[in-house]
Amino acid sequence: MNNFQQQILQGIPDILPVQKSYDTEINHAPKRKDILSKDEKKLALQNALRYFDKKNHEVLLTEFKNELDTYGRIYMYRMRPDYEMYARPIDEYPGKSVQTKAIMHMIQNNLNPVVAQHPYELITYGGNGAVFQNWAQYLLTMKYLAEMTDEQTLVMYSGHPLGIFPSHKNAPRVVVTNGMMIPNYSKQDDWEKFNALGVTQYGQMTAGSYMYIGPQGIVHGTTITVLNAGRIIAVNGEDLSGKLFVTSGLGGMSGAQPKAGTIAGCITVCAEVNPKAVHTRHSQGWVDEVIDDLDALVARVNAAKNAKEIVSIAYQGNIVDVWEKFDTENIYVDLGSDQTSLHNPWAGGYYPVDISYEDANTMMANEPLLFKEKVQDSLRRQAKTINNHTSKGTYFFDYGNAFLLEASRAGADVMAENGIDFKYPSYVQDIMGPMCFDFGFGPFRWVCTSANPDDLAKTDAIACEILEKIKKRAPAEIQQQLADNVQWIKGAQQNKLVVGSQARILYADAEGRINIAKAFNNAIKSGEISGPIVLGRDHHDVSGTDSPFRETANIYDGSQFTADMAIHNVIGDSFRGATWVSIHNGGGVGWGEVINGGFGMVLDGTKEAEQRLQAMLFWDVNNGIARRSWARNDEAIFAIKRAMEVEPNLIVTLPNMVNDNLLNNIF
Ligand SMILES: NC(=O)c1ccc[n+]([C@@H]2O[C@H](COP(=O)([O-])OP(=O)(O)OC[C@H]3O[C@@H](n4cnc5c(N)ncnc54)[C@H](O)[C@@H]3O)[C@@H](O)[C@H]2O)c1
């Protein structure tokens with residue numbers, strides 16, 4: 001057994017490792033709000049120390065108190081393992097179960113410093129999207145995964161491994177919940193408080209569910225969004241060449257925007273205040289050029305427009321300055337959006353204009369009320385200038401980061417005349433909902449746990465062949481979706497999308513997902529692919545997420561404020577064969593604003609895996625289509641009727657449409 005394997009099996013070491021110095025080269029999470037009372041701080045320390053043997057309490061108490069005072073949280077930095085953190089080939093993990101080894105592969109990918117936003121604070125993306133709350137939880141979880149068998153299930157309680165319970169082979173190996181709160185305790189400050197106490201965490205979507213695959217995960221969705229936004233504004237069916245897309249954020253997910261803009265064929269300007277984030281995305285080749293001077297930016301954009309260049313430019317600075325400068329300089333913006341982390345507005349998700357990045361970080365910790373005022377001022381200014389642009393013709397859409405929600409709460413002029421809706425559509429209302437989710441197309445993904453790029457290339461070829469076959473006999477309604485995805489998978493290798501594990505994303509419907517998964521399982525069985533494959537998806541999908549301003553924004557029967565679908569989805573996945581399931585409060589648009597769930601499924605080339613994939617993937621897509629069709633969405637009614645033709649055991653309640661005249665006559 002090698003050193004890495006020994007360390008995994010050791011779990012929380014009995015003899016404390018030496019303390020580590022604070023590495024300033026790493027992108028650290030901002031200091032969190034000092035929200036706990038003296039008694040609550042005692043409770044937080046008691047909570048943290050319960051992971052350790054009594055003999056270590058005295059040393060750790062001072063250390064953890066210091067972490068709580070300095071960073072607002074207890075991360076247990078000392079316990080971070082010394083081995084390199086990355087998704088190793090599956091055979092390198094110790095353990096008794098292929099399934100749990102695959103989960104270890106996924107967890108380590110989520111914490112890989114190349115992939116994760118704040119790796120030492122166990123944050124994968126979105127500023128607060130945590131895999132674990134502290135390093136003791138990580139160590140214990142990995143040990144459990146290495147020890148357990150396929151007759152047991154590990155229960156994860158917001159990062160805390162509650163324990164391993166007896167179950168059976170067809171049960172999930174891991175059941176994850178993140179941030180599930182009694183509904184009345186789901187405000188932003190509740191997260192601050194209960195996370196500081198060490199009893200809950202914000203799992204985002206794919207962070208706390210071990211399904212993050214780097215920015216590739218969102219590049220595809222963003223490419224589809226930008227492409228289709230381009231189709232909406234096209235006057236004569238022209239493409240995006242020479243057109244300008246302005247947005248912000250080069251973080252975990254938002255960093256995908258420039259690459260997606262390039263694949264879609266436009267000029268992208270993306271503002272980012274954090275120089276480290278700019279550097280990361282630039283050095284990874286996700287953005288072509290960096291400019292930190294507004295006049296230089298204007299000149300560069302004009303040149304790109306004249307030459308119809310396809311180029312992406314990072315503006316190192318605040319997005320509000322870009323919108324205002326382009327307004328005064330009359331730079332026409334064709335497409336506009338925003339991807340700052342407004343699901344987390346008061347703790348580093350959004351940086352107000354006219355304050356330096358460093359000063360903002362100090363202010364949010366030391367003067368939170370003033371910081372909140374500055375954020376709201378800035379949002380009002382940003383909305384005002386965006387309104388100027390849209391009056392000139394810009395197509396602006398909310399990109400699922402709660403921009404319009406927080407701007408409206410700040411009193412910005414973003415409401416429609418009816419006072420209920422926003423002035424601008426969310427990308428789900430105009431694009432993703434009717435064109436993808438209602439038909440069952442969503443962000444299906446897979447990871448080759450052999451960590452071998454050749455395996456990934458083989459899966460690309462298999463997936464492409466299957467999609468092309470499906471496209472030949474698919475109805476007209478879904479031809480464009482299939483064509484976009486065939487094009488995507490053909491260009492995937494060339495676009496060098498892999499950061500971290502050997503992963504691929506593809507928008508597919510139930511038929512596509514099932515057929516692709518089956519073909520992978522066969523290829524593993526025949527030895528064409530050299531190791532197990534993990535299937536999964538973003539929670540941001542057809543069925544996994546109830547979120548009234550995002551995934552379910554195009555549900556108009558009032559049920560967009562209910563969360564039954566996400567719960568049903570995860571329950572259904574768990575007894576149909578998922579290897580792990582997760583359900584989260586918060587993700588994307590914020591704590592208390594969304595309930596979302598997902599799954600992971602390990603394919604190992606066996607007959608059982610084939611049975612599981614068929615049963616689970618069919619449900620995983622169609623339960624959401626059924627709900628969307630009940631909400632009277634035409635595309636979903638079309639899709640669920642097709643599904644019922646294929647599967648006679650599926651019987652979905654369909655809505656009867658009421659004649660508008662009949663209704664209007666009585667009001
Ligand atoms: N539409 C989708 O499919 C989708 C998917 C995932 C995430 N999201 C949402 O998008 C948002 C961004 O996600 P992320 O993972 O990139 O978060 P992130 O925190 O990693 O990145 C956001 C970036 O915005 C920068 N920023 C903040 N305020 C700024 C300002 N005023 N001007 C310029 N830059 C500023 C931050 O420095 C940060 O780097 C989140 O709210 C997330 O929930 C949307």
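How far does a polar side-chain atom of Gln117 lie from an oxygen atom of the ligand, and what is the answer in Å? The distance is 2.9 Å. Keep in mind as you read on that this is a predicted model.

## Around the ligand

Let's stay with the ligand for a moment. Besides the side chain of Gln117, which reaches an oxygen atom of the ligand, the backbone of the protein takes part too. A polar backbone atom of Tyr351 is 2.8 Å from a nitrogen atom of the ligand. For Tyr399, a backbone N or O atom lies 2.8 Å from a ligand nitrogen atom. On its own the ligand would expose 850 Å², and the protein buries 97% of that.

Who else is there? The ligand is surrounded by 32 residues. The closest are Ser254, Glu272, Ser341, His343 and Gly588. Sorted by character, the residues of this shell comprise 11 nonpolar, 19 polar and two charged.

## A six-stranded sheet

Now look for the open sheet, which has six strands in the order 8-9-7-6-10-11 with parallel pairing. Strand 8 (289–291) and strand 11 (395–396) stand at its edges; each has a single partner strand, so one side of each is left without a neighbour in the sheet.

Further in, strand 6 (residues 244–248) pairs with strand 10 (residues 335–336) in the parallel sense, over two bridges. To find this pairing on screen, start from Val246, which stands opposite Gly336 in strand 10.

## Helices on the sheet

Two helices are good landmarks here. Helix 11 (residues 319–328) packs on the sheet and touches strands 6, 7, 9, 10 and 11. The direction of helix 11 makes about 150° with that of strand 6.

Helix 10 (residues 294–307) lies across strand 6, strand 7 (267–272), strand 8 and strand 9 (311–316). Relative to strand 9, helix 10 runs at about 170°.

## A visit to Glu610

For a last stop, move along the chain to Glu610, which lies in helix 20 (residues 607–630). Which residues does Glu610 touch, leaving aside its neighbours within four places in sequence? Glu610 is in contact with Lys518, Asn521 and Asn522.

Phe520 offers another way to place Glu610: the two are 90 residues apart in sequence, while their C-alpha atoms are 9.8 Å apart in space.

Note on methods. Residues numbered from 1 in each chain as written. Predicted model: local features only at pLDDT ≥ 70, side-chain atom pairs only at ≥ 80, totals over all residues. Heavy atoms only, no water. Pairing = 2+ DSSP bridges. Helix = DSSP H or I, 4+ residues; strand = E, 2+ residues; numbered from the N terminus. Contact = heavy atoms within 4.5 Å. Axes fitted to C-alpha atoms, helices over the stretch in contact; angles between N-to-C directions. Near = heavy atom within 4 Å. Polar contact = N/O pair within 3.5 Å; in protein donor to acceptor, adjacent residues only side chain to side chain. Areas by Shrake-Rupley, 256 points an atom, 1.4 Å probe, with all protein chains shown as cover. Nonpolar A, V, L, I, M, F, W, Y, C, P; charged D, E, K, R; others polar.
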